[in-house]
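Please look over the chain shown below. The report that follows goes through it by topic, under short headings.

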Amino acid sequence: MYDTKNELKYWEHSKTGMAAKRKTASTLPESSPAPSDGNTSANAAANVVLPARHDLFSRPRLTISRFPTFPDTPDVIYHSTEQLAMNRIGFRYVPAGVSPPGSVLPCRTIQSAPPCFRVSWEDRSPFVKVKPDGLGLIGERGFRSVRCNVPLREGAWYMEVGIECGGGDRPPDAPDTNMREGSHVRLGWARREAPLNGPAGLDGYSYGYRDKSGDKVTLSRPRPYGRRFRTGDVIGMYIYLPPMREPDPADPYDPAHLKRERIAIEFKGQEYFESLEYAQSKEMIKLMEFTNKASVTAFLPSAPPNKKSSGVKALPERKGPETETSILRPLPELKGSHIAFFVNGECQNIAFSDLYDYLPLRTTPASRKKDKENSKKRAREGAPREHKQNPFDDGTLGYYPFISLFNYARVKINPGPDFEFPPPQDIESLLLGQSGEDLKLSPERTWRPICERYPEFMQEQWDFDVREEEEAKVEAALNSQREKVEAAKKVQKDRQKQQNKPKKRAKEAELPPTAASSVDYQIPETESGYNSEVLEGEWGLGEGEGEHEGYMEVEDDKGTHPTPVMDLDLDELL
């Protein structure tokens, strides 16, 4: 695990407003300025200005990202973070730092300050403002969402969210006083594919709990669930995921295999890993269309069948080309998984069960063949490396806490371990329906506060970095060996050519001049130069076959003599 003691101390020290002294140049990695340091801009200009040439090893090796930075303004509580490379449609960004000397890969994964569980700086809508601690959020007009900075992949986890303004209440300090609707909040869990410009429960990639009605919602279909909540309430969020399955070593296309597809880039003086976001599958889109079909068609007027309009001439129906219906892959589920919510410590029972698996769907042979052809084409054209869709688990898949805010709603996240309304030690037994005298709750806690997930997740990412570095070293050694073999072959081939040159010259010197080189063919300008006669027997051709024998006058060193030639008819040749 990377050493972050100095960075953590520096972060705590900078929160007091004191300026941190920069260490003299050394071989140790240099820590980054803290986000709340008032002298960050000056330090950045002096210490982390990138050189004109893109030499990664001349840059400071950071373990905590330079951004975001927050201005020290007493009247401003919530901030935007424009200086970040925030996730946009189709792309995702993770802070990166320059690797230590001797590494094959140029960059590695680093943290952002504060290094703890909070909202993700990069993985949120730009219309949601944050506090510097990453736990306080405020929205703007329209539903916009944020994801927290760690995924949950297995186990039982719990967290709280305090509603500071929601449930339809109108915030007194809202800049727009003519809002038709009050502030609203949706809380839930979402996968990486869930969009940030919509609320929780918009599609099958997220599951939400509404403050307005207490409904649960997924695939944009609300269902009755629990009690409503509003300003001042504390919502407990609980999720249980079964143990992760191991990838099949005999199946190279198993989505459970760990693999990253990312490229190191620079944005505003900070290194990032840029990768394609996991795309929504056509199967999930079809499921969304199917679930909404009934609700949409229910409000459309129905017409009698085969009834023609009187003002429209009946035309024969045209049948388009028959297209083969694409085969839809099954959507796997995590059997035994479930989500539950608590309102001020009161359990609202299970909201969703058997959640959809967060692993990508298995690729088809046709798609793999197409990707292979595209890769070969780019290799032939010498095109630079481009992003590829990752069909495997990159280590960041899972279910994320997902918070959606509407009309200046405000919330505060409490990741634990101290909760305002602590849940029972054994939430699972409570949710499974045990009650009354038969209630047998475990005396030991069966769940974990979500704050404990952050160090585990970062350690997983760093272990993944080590694994990729080892694989890169092996690949580099193999490439070096191949290059040596190719170079040796080329040297041997050039040496063989040099050795064969004298032999070739000697052989050419020994050869007599050819007769053809001394023959001078002269053709008269006024005549064809030869007399055509019927070829009777000398050339083995019978009569009537259309070939003729002729003679051409040829002059050489022995004198002039006739040479027989063959006259062929062009039409017969064609």
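## Disulfides and cysteines

The structure holds 0 disulfides. The model is predicted. Two cysteines can be placed by their accessibility. Cys148 has a relative accessible area of 2%, so it falls under the 20% cut-off and counts as buried. Cys165, at 5%, is buried too.

A further cysteine appears in a contact list. Cys107 is touched by Ala264.

## Overall build

The protein chain has 8 helices and 23 strands. Its length is 574 residues, of which 39% count as buried.

Contacts reach far along the sequence. Take the contacts between residues at least 6 apart: 69% of them join residues at least 24 apart.

## Cavities

How many cavities of 30 Å³ or more does the count give? The count comes to 2. The largest has a volume of about 470 Å³. Its lining is made up of 33 residues, and those closest to the centre are Arg92, Tyr93, Val94, Pro95 and Phe457. Four elements each give two or more residues to this lining: strands β1 (91-98), β3 (119-124) and β14 (270-276), and helix α6 (453-510).

The lining is mixed in character. It divides into 13 nonpolar, 10 polar and 10 charged residues.

## Asn87, before β1

Asn87 lies in the loop between α2 (40-47) and β1. Its relative accessible area is 12%, so it counts as buried. The side chain makes a polar contact of 3.0 Å with the side chain of Asp123.

Neighbours within four places in sequence aside, Asn87 is in contact with Arg92, Tyr93, Glu122 and Asp123. Arg92 and Tyr93 also appear among the residues closest to the centre of the largest cavity.

## Asn390, between α4 and β17

A second asparagine sits in a loop, this one between α4 (365-381) and β17 (400-406). Is Asn390 buried or exposed? It is buried, because its relative accessible area is 8%.

The side chain of Asn390 reaches the backbone nitrogen of Phe392 at 3.0 Å. Beyond four places in sequence, Asn390 is in contact with Lys259, Arg260, Glu261 and Tyr278.

## Ile427 in helix α5

Ile427 is found in helix α5, residues 427-431. The relative accessible area of Ile427 is 0%, so the residue is buried.

Which residues does Ile427 contact, leaving aside its neighbours within four places in sequence? They are Tyr158, Tyr238, Phe342, Thr446 and Trp447. One of these pairs also has a C-alpha separation: Ile427 and Thr446 are 19 residues apart along the chain, and their C-alpha atoms are separated by 7.0 Å.

## Ala264 in strand β13

Ala264 lies in strand β13, residues 263-267. It is partly exposed, because its relative accessible area of 34% falls between the 20% and 50% limits.

Not counting residues up to four places away, Ala264 touches Cys107, Tyr272 and Phe273. Ala264 and Gly97 are 167 residues apart in sequence, yet their C-alpha atoms are 9.3 Å apart in space.

## Cis peptide bonds

The peptide bond from Phe67 to Pro68 is cis, with omega near 5°. Pro68 is found in the loop between α2 and β1. Asn87 lies in that loop as well.

A cis bond also joins Gly416 and Pro417, with omega about 5°. Pro417 lies in the loop between β18 (410-414) and α5. Helix α5 is where Ile427 is found.

## Positive phi outside glycine

Leu219 is not a glycine, but its phi is positive, about 55°. Its place is in the loop between β10 (216-218) and β11 (221-223). At a relative accessible area of 10%, Leu219 is buried.

Asp354 also has a positive phi, near 50°, and is a residue other than glycine. Asp354 sits in the loop between β16 (346-353) and α4. Is Asp354 buried or partly exposed? Its relative accessibility is 30%, so Asp354 counts as partly exposed.

How values were computed. Residues numbered from 1 in each chain as written. Predicted model: local features only at pLDDT ≥ 70, side-chain atom pairs only at ≥ 80, totals over all residues. Heavy atoms only, no water. 1 Å grid on protein atoms, 1.4 Å probe; cavity = no way out; pocket = protein on both sides within 12 Å on 5 of 7 lines; lining within 4 Å. Points joined across faces, edges and corners; volume = space filled by probe spheres on them. Nonpolar A, V, L, I, M, F, W, Y, C, P; charged D, E, K, R; others polar. Buried < 20%, exposed > 50% of the residue type's maximum accessible area, 1.4 Å probe, protein only. Polar contact = N/O pair within 3.5 Å; in protein donor to acceptor, adjacent residues only side chain to side chain. Contact = heavy atoms within 4.5 Å. Disulfide = S-S within 2.5 Å.
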